[in-house]
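Me: I'd like to learn how to read a fold from its coordinates. Could you walk me through this one?

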Amino acid sequence: MSSSDEAGEVGDHASVLEKRWTGKHQGFLNKKSNSKIKKNWKKYWFVLSMYGRLLIFKHPSAPKPKRMVNLEFASIKATVPAHAGSSKHPNSFQILPRAGNEVMVEAATAEEKDAWLEHLRKVVSENSVQQDDD
């Protein structure tokens, strides 16, 4: 099915995207660049999916994610090392996927940070269960 078939009429496009990308938690976070040259922070729209993925969009109405992070067996660190700039970004935290680059993000408030940490840890826990072969 092509994306145009999936979206249907132009008016239906937003509702299709809303259904496709609705997750357990979503909102704006500042993300630190992984570039070795520039270490700037940019605001992105994050969606935590029910399927163990963290979707990163340029903005809430973007048609597809800029990046997808698999959270299966990921580590979530509530504190950021001082050398990474935690003193200037007190509401920052790290997402360390099993494969791929770390994601360092910052919430606007301590309460927002706590909410993200709670939801992230729950999704990681739900999607990192070892399956026994009987």
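Reply: Happy to! Start with the surface: the protein chain exposes about 8,700 Å², and carbon and sulfur atoms supply 50% of it. Such accessible areas come from the Shrake-Rupley method with a 1.4 Å probe; for residues, only the protein chains shown count as cover. This is a predicted model, where local features need pLDDT of at least 70 and side-chain atom pairs count only at pLDDT 80 or more, while totals for chains, interfaces and linings use all residues. Residues are numbered from 1 along each chain as its sequence is written, and side-chain values use heavy atoms, leaving out hydrogens and water.

Me: Which helices and strands should I look for, and in what pattern?

Reply: Helices (H or I, at least four residues) and strands (E, at least two) are DSSP runs, numbered from the N terminus. Here the pattern along the sequence is α-α-β-β-β-β-β-β-β-α, with three helices and seven strands.

Me: In what order do the strands sit in the sheet?

Reply: Two strands pair if DSSP finds at least two bridges between them. In this model the order is E4-E3-E2-E1-E7-E6-E5, an open sheet with antiparallel pairing. Strands E4 (67–70) and E5 (75–77) are the edges, each pairing on one side only.

Me: What joins E1 to E7?

Reply: Two bridges join E1 (residues 25–32) to E7 (residues 103–106); lysine 31 has valine 105 in E7 as its bridge partner.

Me: How much of the chain is buried?

Reply: Buried means under 20% relative accessible area, exposed over 50%, partly exposed in between (1.4 Å probe, protein chains only). Buried residues make up 35% of the 134 residues here.
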